[in-house]
Amino acid sequence: MPHILIVEDETIIRSALRRLLERNQYQVSEAGSVQEAQERFSIPTFDLIVSDLRLPGAPGTELIKLGQGTPVLIMTSYASLRSAVDSMKMGAVDYIAKPFDHDEMLQAVARILRDRQTATSQPSEPTNGKVAAGKAGASNSNGEIGIIGSCPPMQDLYIKIRKVAPTDSNVLIQGESGTGKELVARALHNLSRRAKAPMISVNCAAIPESLIESELFGHEKGAFTGASAGRAGLVEAADGGTLFLDEIGELPLEAQARLLRVLQEGEIRRVGSVQSQKVDVRLIAATHRDLKSLAKIGQFREDLYYRLHVIALKLPPLRERGADVNEIANAFLARQSARINRTDLKFAPDAEQAIRHYAWPGNVRELENAVERAVILSESPEISADLLGIDIELSDLDDEEFIGLAPQQGGAANNTSHEPTEDLSLEDYFQHFVLEHQDHMTETELARKLGVSRKCLWERRQRLGIPRRKTGATSES
């Protein structure tokens, strides 16, 4: 069982993170500062260190040296993102912005531990930057790419990745939600000349529309109410490296115009500034939407579309990948079995058939959640098809999100008639609540009432086919 050290001075965050990791079969120790960690533990003995950047006394980056090779994941707020990027240059394996989704944290932890295990078991193989995020393992034929699968469409994709990665061309990755678009982006970054520089990932749908320009391009002091100090944006933080814009189809038109200037002129201008500055950024964008169609109806800039569409990579959905689905499922099974120290688990024949023939509308993400649930519930070495629960569309909702679907705080959402009942599934409840309240609530308010993150709300909308309405009611104030 991997042993993780949490170093965080805020007790509430530290305790919540500990519970999250322990629920996912990690052994966890904790400290409130670097000094406390030194006094209580032998730091190099841990498999991973998760530390806040700003701590009383020494900063979290001190643990990079003290860990003597133990990977360090830095937690930081967007306000200190530039410092987080600097910490990666000092040797941190990655950073995660606060507040973070539970899934985002678990994926980062799992990826780092897998990469460490791969590096330990294959020390003689040359590496080129970090292994792709979220991979469960990789076949020998595409190990440097870090994506499982050998069906013809994927083999064609690997060839294109190897050709495109060494260039600085803009890339547009297309595919349904959950197909692994960020894995492709990381592979392109890891195989490029920018591999040692940061890759900054941004989910354009997860940032409020009123803040997206400031987050991407930075702002000067006094540029708007609350801008008490100047701050660098995410594009600036990616200087010298790669900027990955996930779900770029959700980017507002004003921000699209600023992004176009970055691509055309190689420069940015912070919000509220009259001065421009040069940046060297390779842009990789991803979307599940048809940008060309959006451009025709004026919802996406046509000139930006053609700038992005220099190289287009298409990720096939899981239902079109043939036997790959079973290979991926077995990789997830091996991972989850290792977490709970069981080596006897395997899929029963009916489970293998179900995995192969189910449509997987949630793609790889849904498959991973189904396997994780089956492993937890299995009482015998053979996992039967019924444990996968794949005929139920609740497979990627975890327990905390179940709890979170009860409205939070006051207002109309607290009406007892909205409480889930035995004959109203949580998916039905979610859909009912969003449709009833989206006309008079912002996305941030909806997410808060449901007890989930904006990113989680957006992903549920995509899976349930509830598009966000482009009205004054849903724009962020």
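Is L313 buried or exposed? In this predicted model, L313 has a relative accessible area of 1%, and because buried means under 20% relative accessible area, L313 counts as buried. The residue has its place in strand β12, which covers residues 311-314. Leaving out residues up to four places away in sequence, L313 touches L157, K160, I161, V171, L172, I173, Q174, V184 and L188. One of these partners, L172, shows how the chain brings separate parts of its sequence together, for L172 and L313 are 141 residues apart along the chain, while their C-alpha atoms are separated by 6.2 Å.

With that single residue in mind, we can turn to the whole protein. The secondary structure comes to 19 helices and 14 strands, and of the 477 residues in the protein, 52% are buried. If we take the contacts with a separation of 6 or more, 67% of them are accounted for by residues that stand 24 or more positions apart. On the outside, the protein exposes about 21,300 Å², and 49% of this area is supplied by carbon and sulfur atoms.

The next step leads into the interior. The largest nonpolar core has 50 residues, and those with the most contacts inside it are L216, V235, L243, L245 and I248. Helix α10, made of residues 253-265, gives the most to this core, contributing 5 residues. V235 offers a way to look at the surroundings of one such residue: when its neighbours within four places in sequence are left aside, V235 is in contact with L216, F217, L243, V262, I268, V279 and V281. Apart from the largest core lies another one, of 24 residues, with I148, L318, W360 and A385 among them.

Finally, we come to the aromatic rings, where a search of the whole structure finds 3 aromatic pairs. In one of them, the rings of Y305 and Y306 have their centres 5.1 Å apart and their planes at 65 degrees, and because an angle over 60 degrees counts as edge-to-face, this pair is given that description. The two partners are covered to differing degrees, since Y305 has 7% relative accessibility and therefore counts as buried, whereas Y306, at 47% relative accessibility, counts as partly exposed. Another edge-to-face pair is formed by Y358 and W360, with 4.6 Å from centre to centre and 85 degrees between the planes. W360, which we met above as a member of the core of 24 residues, has 0% relative accessibility and so counts as buried.

Methods
Residues numbered from 1 in each chain as written. Predicted model: local features only at pLDDT ≥ 70, side-chain atom pairs only at ≥ 80, totals over all residues. Heavy atoms only, no water. Phe/Tyr/Trp six-rings, centres within 6.5 Å; stacked < 30°, edge-to-face > 60°. Buried < 20%, exposed > 50% of the residue type's maximum accessible area, 1.4 Å probe, protein only. Helix = DSSP H or I, 4+ residues; strand = E, 2+ residues; numbered from the N terminus. Contact = heavy atoms within 4.5 Å. Areas by Shrake-Rupley, 256 points an atom, 1.4 Å probe, with all protein chains shown as cover. Core = buried A, V, L, I, M, F, W, Y, C linked by side-chain atoms within 4.5 Å.
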